[in-house]
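Q: Please take me through this structure one question at a time, with the cut-offs spelled out as we go.

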Amino acid sequence: MPQVANIAVSILFDGLAYAMFLFITSVGLSVTMGLMGFVNLAHGAFAMAGGYVVVTLTRTYGVGFVPSLVIAAVVVGAVSVVFERVLYRRLYKSTDLEQVLLTIGLAFMAIATATYLYGPIPKSVPLPEWLQGDVNLGFRYFPSYRAFLIVLGAVLIAVLWYAFERTNIGAKIRAAVDNRRMAESVGINVDRLFTLTFAVGSGLAALGGGLAIQLLGLSPSFAVLYLVLFLIVVAVGGLGSLKGTLLAALVLGIFDTGGKYLLADAGGFFVYAVTVVVLLIKPAGFYGRE
Amino acid sequence: MRLNGWLGVAAVALTVGGTALAETVKIGVVLPFSGANADLGHQVDKAFDLYVKLHAKDIEPNKIEIIKRDEGPPTGAQAKTVATELITNDKVQILTGFVFSPSAIALAPVVTQAKVPMIIANAGTAWITNLSPYIARLSFSMWHHGYPMGAYAFNKIGCKTAALAYTDFPPGKDSTEAFKTGFEKAGGKVTESIPMGSPVQVPDFTPFFQRIKDAKPDCMYVFIPSGAHATGVTKAYGELGMRKAGVKLIGPMDLIPDNKLQDMGDAAIGTVVMGNYAVDLDNADNKAFNKAWHEAYGKDSYPDFMSAAGWDTMHAIFDAIKKLNGKVEDGSKVIDVMKGWTGNGPRGQVSIDAATRDVVQDEHAMEVIRKPDGKLGIKVLGTTKAVKDECKELKVGRCGS
C-alpha cells in the first residue's frame, strides 16, 4: 500500500477508536447537562467507579472482561440513582456554582475513597486473548482492542439513536431537552425522566471507565484527570445533543490523533486548538442552542 | 526570677552531665501524596519510613522528627510553597524527598538563601545539583541511564537507528539528550525526537508510536515519568505489534518500575533498560531490603528504584546526623559531611561525588524476562561500575555552568 494511504488509514483508525471512547464516556454528561442544565463534575467519578468495578470483577472474581463491563455499567447506573435522588435533586434549581461545588466535592471524595480501597498505584485489567495483539483485516493489521472499541462504539450509537429517535421515552427526553416547561405541561414526568437518563449516563460513564483502563490506566485521580477532556467534548458538541457529542468526539479524536502523528512536535496541542476554533465560530457547540 | 534562672542552669547542667545532649533533628519530607502521581510519593515514603523504623537506634541518643508535606503536581509551584513553609514555620533543618525535577528546580534558590540542605531522593534532571551548593542527590541524574544506554544500544542491542519519544518536561529532554549524545558518539543515527505532551496530559501514545512504527527505526528510546504513563507505553507498544515489526523498546528504567511490572504482561518482555535498581538485583543488601519491605507492606507490594533511592537517601542523612552528633543547625556542615559519603544499600555500593554532590553508582543493562515462577522479572545483561553523571563530566549545556 502506498505510504500516504497507509498513514491516512492509521490516523483514521486510531482516531476513530479514540473518538468512540470519547463518545461513550461523554454522551451521558452531555445529556444530563442538556436535560436539566445540571453541571455534573462527578461524571468522571462514575467513570472511575466503573473502572474499579471492572478491575475487582476481573482480578478478584475471575469474571470475563466483557461481562464485567456490562455489570459495571448496570451497577454504577443503579448506584447513581441513589446519588441523584438523595443529593443531586436538591440542587436542580440552584445556581451553577452550587452544583459545581457539590459535584466536584463528590469527585474528591470518590478519589479519597478509591485511594483508601485500592491504593494509589495504577491498576490494569487482564484482557481476553482475542482482545490482545492485532487483527488482520486483509490489507493490514490493526490492534484488536481498538477495533473492538470501534465496533462497540458503533453498536452503542445505533442503540442510542434508536432509543432517542424511535421510542416513546426517547421522544419524551427530546421534548424535555427542547422545552422543559412545555413537556411538564403536557404531563411528562420530567423528574423521573431525569433519574432515568442520569442512570443511563452514569452507566455509560462506567462503561467508558472500564474501557479506559487499557487505554489510559486507572488510578484514583481518574475522577478529575480526564474531566477536562469530557467537558471539551460536551462543549464542542453542544449540550444535550447526541449528534453533537458524536460529531465532537469524531472531530476531536481524529484531529488529536492526526496532529500527534503528522506534527508530533506540537504534541497534544491540537485538541485545544480545535476546541478554541469551534467555540469561536459556534459558541454553543456544533448542535447546541445559542 | 532569680530562682527560676538557677533552676534553668541546674537543668542544663544535669542534662549535659548525663551522657550527651540529645538533639532532635527536624526533617521535612516533600513527596507527592495526592493526585495522579501519589503512588510515586508512596514508593519513596515507604522506604523512608522503613529505614527510620529499622535504624532509629543508630543515631541514639539523638532523635529525628519528620514532617511530611504534599509535593503536588509535577509543576513545582506547590512544592515550593510547602517547602518554604517547612523552612520558615516548622524550622526544619534538612529537606528531603522531591520526586519531580520542577520541584527541585523551583526550590533551589530558597534552600540557598535559607542554607538548608536539600537531599534529593528522586528528581533526575542532571543540572539540578548545580543550582545550589546546598543540594545533594542520592537518586540519579537522567544521564546515569541515558548516556551509557546510547553506546550499549548501538554496540550490544544492535540499534543502528533510533527514534526518541519523551514526556515534554525537563527530565524528558535531559534523558533523550543523554541517550542521543552517547548513541551518536557510538555511531548511531537518531531518526527523530518526539515530545509527547506534558506529564499531566492523556497518556495515549498510540499516534506517536504508530508514526515511529511506520518509520521503522531499529529501536525506540522512550522516557516517561514512571507512574501511569509507564504502563501506557508498554500497552501501546504491545497493541501496535511493534516488536514484531522490528522496533525494539529501550529506555531508562522508568519504563519498567518494579511495582508496575507484573501488570504489564507479555508486551514488556524483551524491553531493555539501563538503570540502577531492580527488585531482582542480586546482592545481600537488596535481599534484606526486599524481605523487610514485604514484612512491612505485604507480599504484593514491591519496592522500586525510587524506594531504593529513598532508602539510601535516609541512610546518608542518618550517617550525617551521626557524624555531627545531631548538631545540624549549620546546613553547610551537613552537606560537607555528605560529600564523599559511601554506603551500601539495595543498589549495591553508592557514594556522593565530593565535587558535584551527585550520586556515583553502578548501572545495569537489564532485560525484562518471564521468570521460572511465571512472574515477570529482569535479567542483568551487563554492569558498569561507579558511573558518574556524564552531563557534568562532559559539561553539556547547563551542566557546565
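Q: In which loop of chain B does K216(B) lie?
A: A friendly word first: this is a predicted model, where local features need pLDDT (the predictor's confidence in each residue, from 0 to 100) of at least 70, side-chain atom pairs count only at pLDDT 80 or more, and totals for chains, interfaces and linings use all residues. Residues are numbered from 1 along each chain as its sequence is written, while chains are lettered from A and ligands numbered from 1 in the order in which they are written. Helices (H or I, at least four residues) and strands (E, at least two) are DSSP runs, numbered from the N terminus. On that numbering, K216(B) sits in the loop of chain B between α7 and β8 (219–223).

Q: What is phi of K216(B), and is the residue buried, partly exposed or exposed?
A: Phi is near 55 degrees, a positive value in a residue other than glycine. A residue is buried if 20 or more other C-beta atoms, placed from the backbone, lie within 10 Å of its own, exposed if 12 or fewer, and partly exposed in between. K216(B) has 13 C-beta neighbours inside 10 Å, so this residue counts as partly exposed.

Q: Why does K91(B) count as exposed?
A: K91(B) is in the loop between α3 (77–88) and β3 (94–97) of chain B. Phi is near 55 degrees here, a positive value in a residue other than glycine. K91(B) counts as exposed because its C-beta neighbours inside 10 Å number 12.

Q: Which two residues does a cis peptide bond join, and at what omega?
A: The place to look is the loop between α2 and β2 (63–70) of chain B, where P61(B) is found. The cis bond joins E60(B) and P61(B), with omega about 5 degrees.

Q: Which residues does V273(B) contact beyond its neighbours within four places in sequence?
A: V273(B) belongs to strand β10 (residues 272–275) of chain B, and counts as buried because it has 23 C-beta neighbours inside 10 Å. Two residues are in contact if their C-beta atoms, placed from the backbone, lie within 7 Å. Outside that sequence window, the contacts of V273(B) are I250(B), G251(B), P252(B), M253(B), L255(B), I256(B) and M366(B).

Q: Where does the largest nonpolar core lie relative to the two domains of chain B?
A: A nonpolar core is a set of buried Ala, Val, Leu, Ile, Met, Phe, Trp, Tyr and Cys residues joined through C-beta atoms within 7 Å. Of the 121 residues in the largest core, I94(B), I120(B), A165(B), M220(B) and V222(B) touch the most other members. Helix α11 (residues 305–323) of chain B gives the most to this core, with 11 residues. Domain 1 (23–140 + 283–357) and domain 2 (143–275 + 362–400), with bounds from an automatic or database domain assignment, both give residues to this core, so it lies between them.

Q: How many residues does each domain of chain B bring to the contact between the two?
A: Taken over C-alpha atoms, the centres of domain 1 and domain 2 of chain B are separated by 26 Å. The contact takes 23 residues from domain 1 of chain B and, from domain 2 of chain B, 25 residues.

Q: Which element gives the most to the side of chain B that touches chain A?
A: The contact takes 31 residues from chain B and 31 residues from chain A. On the side of chain B, α2 (38–55), β7 (189–195), α7 (206–215), α8 (228–239) and α9 (258–264) each supply at least two residues. With six residues, the element that gives the most is α7(B).

Q: How does the radius of gyration of chain A compare with that of a compact globule?
A: Chain A has 12 helices and two strands, and its C-alpha trace spans about 60 × 45 × 35 Å along the principal axes. The radius of gyration is taken over C-alpha atoms, and the globule rule is 2.2 Å times the number of residues to the power 0.38. For 290 residues that gives a value near 19 Å, which agrees with chain A at 19 Å.

Q: Which element of chain A has the lowest mean pLDDT?
A: Chain A has a mean pLDDT of 89, with 99% of its residues at 70 or more. Helix α3 (residues 65–86) has the highest mean among the elements of chain A (96), and the lowest (82) belongs to strand β1 (residues 134–136).
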